[in-house]
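Visitor: I would like to be taken slowly through one part of this structure, and then outwards from it to whatever surrounds it.

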Amino acid sequence: MERVRVLVVDDSALVRKLMSTMLSCDPRIEVVGTAPDPLVAREKIKQLNPDVLTLDVEMPRMDGLTFLENLMRLRPMPVVMVSSLTEQGAEVTLRALELGAVDFFTKPNSDLANTFAEGAQEICAKVIAAAGAKPRVRTEVRKLDVPPRLSADAVLPRASGAGTRAGSPMIAICASTGGTEAIRVVLEQMPPDAPPILITQHIPAAFSGPFAARMDHCSAMRVCEAHDGQPIQPGHAYIAPGSQHLLVMWDGAKHVCRLHDGPPVNRHKPSVDVLFRSMAASAGASTVAVLLTGMGDDGARGLLELSQAGARTLVQDEASSVVWGMPGAAWKLGAAREALPLDDIAARLLTLARQPFKSAVGA
């Protein structure tokens with residue numbers, strides 16, 4: 001099996017060394033070179049022909065965004081952005097995803113050497129996924145310690161029966177790699193009076209607030225970062241905060257958002273499986289859910305639980321997905337009844353949400 005060839009671009013010599021060491025921990029990855037700025041990177045891309053680029057946001061001579069924009073226009077290739085855990089870093093990273101970056105990795109603000117090493121598994125997984133993504137527009141290796149993988153049971157037990165709570169329709173939209181842009185495409189097509197939308201996107205805590213603000217700016221709906229106990233209302237979209245699970249619960253009079261600080265599920269927090277399971281229990285057939293582009297399989301089993309509870313379920317198709325991991329896993333499980341191109345998903349969600357709930361199983 002050929003290894004994924006990676007070029008590391010960062011103005012910090014320490015970060016270049018740490019990133020190279022982390023990536024070299026995975027036998028599937030070969031770091032073919034490093035570059036201190038985009039101008040050197042441009043020449044090394046020509047010489048080395050890497051499969052994936054890791055790209056710092058802030059660099060001398062040319063900033064990462066300008067370089068990324070030029071790269072995607074002239075030589076599209078998978079790029080994983082490396083940014084700081086700051087509000088400004090979040091804004092720039094979201095812009096990079098708009099420009100065509102596949103994913104991002106956040107570097108810590110302090111104790112770089114120690115905390116960077118903790119992210120080795122994450123950055124390696126992101127690079128491997130990026131290598132198989134569709135961009136838009138061997139040295140001895142060390143074995144990585146893999147944390148235990150927990151299911152949604154760690155946060156919320158599965159309900160014994162299907163959710164039959166009466167109520168208005170709700171829409172769930174969930175994604176990971178490539179999802180910030182996919183979610184934008186769906187929200188831009190939603191009218192201001194659309195059914196309430198619950199969103200889980202795999203994203204760090206520092207990024208979810210800026211992401212919600214960006215979505216609010218581009219959508220006719222009111223989009224916000226979800227708060228614990230917040231009533232769920234039509235015309236509003238609620239985005240799970242980074243590092244907290246988002247659940248939908250019935251409080252006796254209405255559906256509300258609940259935040260849970262439990263352990264990562266499927267190694268993600270927020271987790272799609274947690275949101276889907278909560279909606280299967282609290283809303284059941286009044287739910288319409290879609291699983292968009294993303295690495296891994298978080299959400300596949302949850303979507304199946306929703307389908308079994310009578311919800312209408314679909315996934316983004318492979319051709320329009322940046323990574324057909326999560327939607328592909330759900331499709332293989334039989335959890336989704338339809339697989340649609342990204343541009344068709346908003347209209348289909350609205351159509352399904354307007355159908356009588358009792359027709360859900362036969363829809």
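Across which strands does helix α3 lie, and at about what angle to β3 does it run?

Guide: This is a predicted model, in which local features need pLDDT of at least 70 and side-chain atom pairs count only at pLDDT 80 or more, while totals for chains, interfaces and linings use all residues. Residues are numbered from 1 along each chain as its sequence is written, and side-chain values use heavy atoms, with hydrogens and water left out.

Helix α3, formed by residues 64–74, lies across β3 and β4 (79–84), and runs at about 155 degrees to β3; such angles, from 0 to 180 degrees, are taken between N-to-C directions of axes, which are lines fitted to C-alpha atoms, for helices over the stretch in contact. Helices (H or I, at least four residues) and strands (E, at least two) are DSSP runs numbered from the N terminus, and contact means heavy atoms within 4.5 Å.

The strands beneath this helix belong to an open sheet of 5 strands in the order β2-β1-β3-β4-β5, with parallel pairing, where two strands pair if DSSP finds at least two bridges between them. At its edges stand β2 (29–35) and β5 (103–107), each of which pairs on one side only, and neighbouring strands are turned by 25 degrees against each other on average, direction ignored. Within this sheet β1 (residues 4–9) and β3 (residues 52–56) run parallel and are joined by 4 bridges, and V8 has T54 in β3 as its bridge partner.

Elsewhere in the chain, the axes of helix α1 (residues 13–24) and helix α6 (residues 120–131) come within 9 Å and cross at roughly 75 degrees. From α1, residues M19, M22 and L23 meet A120, I123, C124 and V127 of α6. The loop between α6 and β6 holds P157, which is exposed, with a relative accessible area of 63% (exposed means over 50%, buried under 20% and partly exposed in between, with a 1.4 Å probe and protein chains only). Although P157 and R277 are separated by 120 residues in sequence, their C-alpha atoms are 8.6 Å apart in space.

That loop leads to β6, a member of an open sheet of 7 strands, ordered β8-β9-β7-β6-β12-β13-β14 with parallel pairing. Here β8 (222–225) and β14 (338–340) stand at the edges with a single partner strand each, so one side of each has no neighbour in the sheet; the twist averages 20 degrees from one strand to the next. The parallel pair β6 and β12 is linked over 5 bridges, with I171 opposite V288 in β12. Helix α8 (residues 205–218) packs on this sheet, touching β7 (197–201), β8 and β9 (236–239), with a direction that makes about 180 degrees with that of β8, whereas α9 touches β6, β7 and β12, its direction making about 165 degrees with that of β6. Among the pairings beside α8, β8 and β9 run parallel over 4 bridges, with A237 in β9 as the bridge partner of V223, and β7 and β9 run parallel over 3 bridges, with I199 opposite I239.

Strand β13 contains V315, which is buried, with a relative accessible area of 0%. Its contacts beyond four places in sequence include V290, L303, P327, A330 and L340. Two of these residues, P327 and A330, are also among the buried residues of helix α11 (residues 326–333), together with M326, G328 and A329. The buried residues of α11 pack against β6 (170–175), α9 (272–282), β12 (287–291), α10 (300–308) and β13 (312–316), and just after α11 comes G334, with a positive phi of about 80 degrees.

The largest nonpolar core has 59 residues, and I173, M190, L292 and L349 have the most contacts inside it; such a core is a set of buried Ala, Val, Leu, Ile, Met, Phe, Trp, Tyr and Cys residues joined through side-chain atoms within 4.5 Å. Helix α12 (residues 342–353) supplies the largest share of this core, 7 residues. L292 touches residues including I173, C174, V186, M326, P327 and I345, leaving out those up to four places away in sequence. Apart from this core lies another, of 31 residues, with L198, A240, A289 and A336 among them. Taken as a whole, the chain has 12 helices and 14 strands, and 54% of its 363 residues count as buried.
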